[in-house]
Each structure stands twice: as C-alpha cells, then as structure tokens.
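Biologist: Please take a close look at the cavities in this model, and at the packing that goes with them. Keep it brisk, and give the cut-offs.

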Amino acid sequence: MKHSLSERRLRSNPILQKLTREVRFSVDQLIQPLFAVEGIKEREIIPGLTGVFRDTPTTLLKQVESDLEKGVNSFLVFGVPAGKADQHFNYDFTASQLHALKKRFGKDIFLSVDVCLCSYTSHGHCGILNDAMDHVMNHESVEALAKAALAYAQAGADCVAPSDMMDHRIRAIRNILDENHLDQTLIMSYSAKFHSGFYGPFRVAADSAPKGDVKLKNRATYQIDPANPSDAYRCSVRDAEEGADILMVKPGMPYLDVLQDLSSRIPLPWAVYEVSGEFAAIELMAEKNLISRERAHLEAWTAFFRAGANMVITYGARSAREWINA
Ligand code: PBG
C-alpha cells in the first residue's frame, strides 16, 4: 500500500514545528558592532543602519548598558580617530574606549576590537602606501597592525580582530601578544574577507572609504575576489596555522557556499559578518513596507547557522530578542 503524505504531517502544528526544528540560535551567538568616534559632540545616525550609531565616548557606555539589558554581551568595537596620518598612527583614542568599557563592564562583556588602518589613514586604505601611492606595503602595514593589536589588548580587549587582509598578520599579532604576556587574548581573523560591494554604509560610519588623490582606488589588491573561493580557503588555513582562534567569512548572504564549505573543512569556531549593505538592504525594504523586518532578519541569521556559523556579527544583535519574540 502507498503511504499517505508525511512531509506536511511534520509541519502540521506550531509545537511540532518547534520540536523538529534543526537550526536554533539565540542572542548568545550574536555580536554587536559599535562605532566609537573621536571629536563628535553628539552621537550620529548611520544611513541604512537603523538603531546603530556613531557613538561619543559618553553615549558608547550608555549604549552598552542598554545592550546588556537586551541580552547582548558580545561586542566588536570600531575606533574612529579624529586625526588621520599616512604612517606612525596613534592608537590612543581606540585604546581609551576599550579601557573605559572594560573598566565599567569587566567580565560582563566579551570585548572584541577590529584591527585595521582604514579609519586611521588619510587615504582610507587598510595599510601603509608606498611613495608612488599605488600599492599597499605588506610588511610595513603588518608592523603597524601588530602595534595596534598590542595597544588594544593592553587596554583590555578580550579579542583582536584583524580585518586588513595583509599576508601573515596573524603570526605577527600572535607573536607580539605572546611576547607581552597577553597569551590569553584571542585573535578572530577576518580570514575569508571578500572585495565586496556591500560595505557602503559601514564606510560612512567608519570614515574609511578610499579617498583623495591616490592611484589605488579600491581594495582589490588585498581583499579576496568574490569569484575565488579557493583563495578564501588558503587564507583561512594559513590563519589557522598562524594562531587564529576564530575564523570568519565576510560578507554573509552572498557567501553562504563559502561558509558551508570552509566551516566543514577547518575545525575552528566560525564567525560570519552580516555586513552593513546586507543589513541595510533589509532595513530599507522594510521601511518601504516591502517585507517584514523581523522575518527577513531572522531568516538571514537562520541561513548563517544552517551553513555552519557558530556566531554572527550583526548590526541587529540588540534587536534580536524583540524580533525573535515578535
Ligand atoms: C575594515 C572593515 C570593513 C568592514 C569591517 N572592517 C570595510 C572594508 O573593508 O572596507 C565592513 C563592515 C560592514 O560593511 O559592515 N577594513
């Protein structure tokens, strides 16, 4: 005898739907980005990133306080200094923000910090340029990045997260941390970071778009080509060998195949970054009543966990509970 249909039987009521759900997540697995901006008097909104701000030192502390009430306890700080330079950068502002956060919240928060030079350089590139200003110099940039990572770790960051895409920065950072008795500080590597068109709103927030009279107009000579998943694999293997504790795929939605493939091949915790353009796409559609904000955000996060992520960096972390309960 032929069986009656069974697929729909398993979908037939809400209790059963929840019992049989294969992918689950909670706010514990989300990381909230924060922008700490020097030299502004009031916090500023960021076009496209609803509910996210460029914070002053004062509003930054208030923001984290309110985030803790919403169950968020993991953060990724982007420091945006007022003064820009071409080399010999000053990491004090970002370090002071990390110090203030740790002094106030201690072990109640897990504090990661983005390590890159794009908010520090006058031209907006992620490293130091040669004299002709047509090439990012790897060695010099790695030295500066390692110094930044050390300053942040000494200020109290639990985890440093290099997003620059220079070669061998993980080894340099692990070495400098270990030499300075910071062997418990974690490294989360943006190991599979692509040269994406989805970073727009972030670059406004972090004041980090390539700019000025520079021959090098984009980041294609250091970020991974979207068409090259094997480059992302090689970089991730290398970063794991050099001492990264957590690896990352970035952006998220357009790279689910990469996330699934790499997370199944390399046995480390995997983060995925739902970048500013992905998040803003949902927000802008929701503003026009074209989609349900909650459903779309939750669906995107579900896809990340389904594809193998252990944690998601998302601008919506602080809204997660509200959306999950909606
Ligand atoms: C810095 C950095 C970028 C992002 C995180 N760290 C932008 C870039 O590479 O230009 C993007 C984050 C986002 O779009 O949300 N290198």
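Modeller: Classes come first: Ala, Val, Leu, Ile, Met, Phe, Trp, Tyr, Cys and Pro count as nonpolar, Asp, Glu, Lys and Arg as charged, and the others, Gly among them, as polar. The model is predicted, so local features need pLDDT of at least 70 and side-chain atom pairs 80 or more, while totals for chains, interfaces and linings use all residues. Numbering runs from 1 along each chain as its sequence is written, and side-chain values use heavy atoms, without hydrogens or water.

A cavity is a set of points, on a 1 Å grid over the protein atoms alone, where a 1.4 Å probe fits but cannot get out; lining residues have an atom within 4 Å of a point. Points join across faces, edges and corners, and volume is the space filled by probe spheres set on them.

Two cavities reach 30 Å³ or more. The largest holds about 130 Å³. Its lining has 19 residues, with Ser163, Lys193, Tyr199, Phe202 and Lys250 closest to the centre. Strand S9 (186-193) and helix H6 (200-205) each give two or more residues to that lining; helices (H or I, at least four residues) and strands (E, at least two) are DSSP runs, numbered from the N terminus. By class, the lining has 10 nonpolar, four polar and five charged residues.

The second largest cavity has about 80 Å³. Its lining includes Phe78, Asp114, Cys116 and Tyr152. Here the classes are six nonpolar, three polar and one charged.

Tyr152 is also touched by Val160 (contact: heavy atoms within 4.5 Å). Val160 further touches Val113, Ile173 and Met188, among others.

Key. On a 1 Å grid over the protein atoms alone, a cavity is a set of points where a 1.4 Å probe fits but cannot get out, and a pocket is an open set with protein on both sides within 12 Å along at least five of seven lines; lining residues have an atom within 4 Å of a point. Lists of a residue's contacts leave out its neighbours within four places in sequence.
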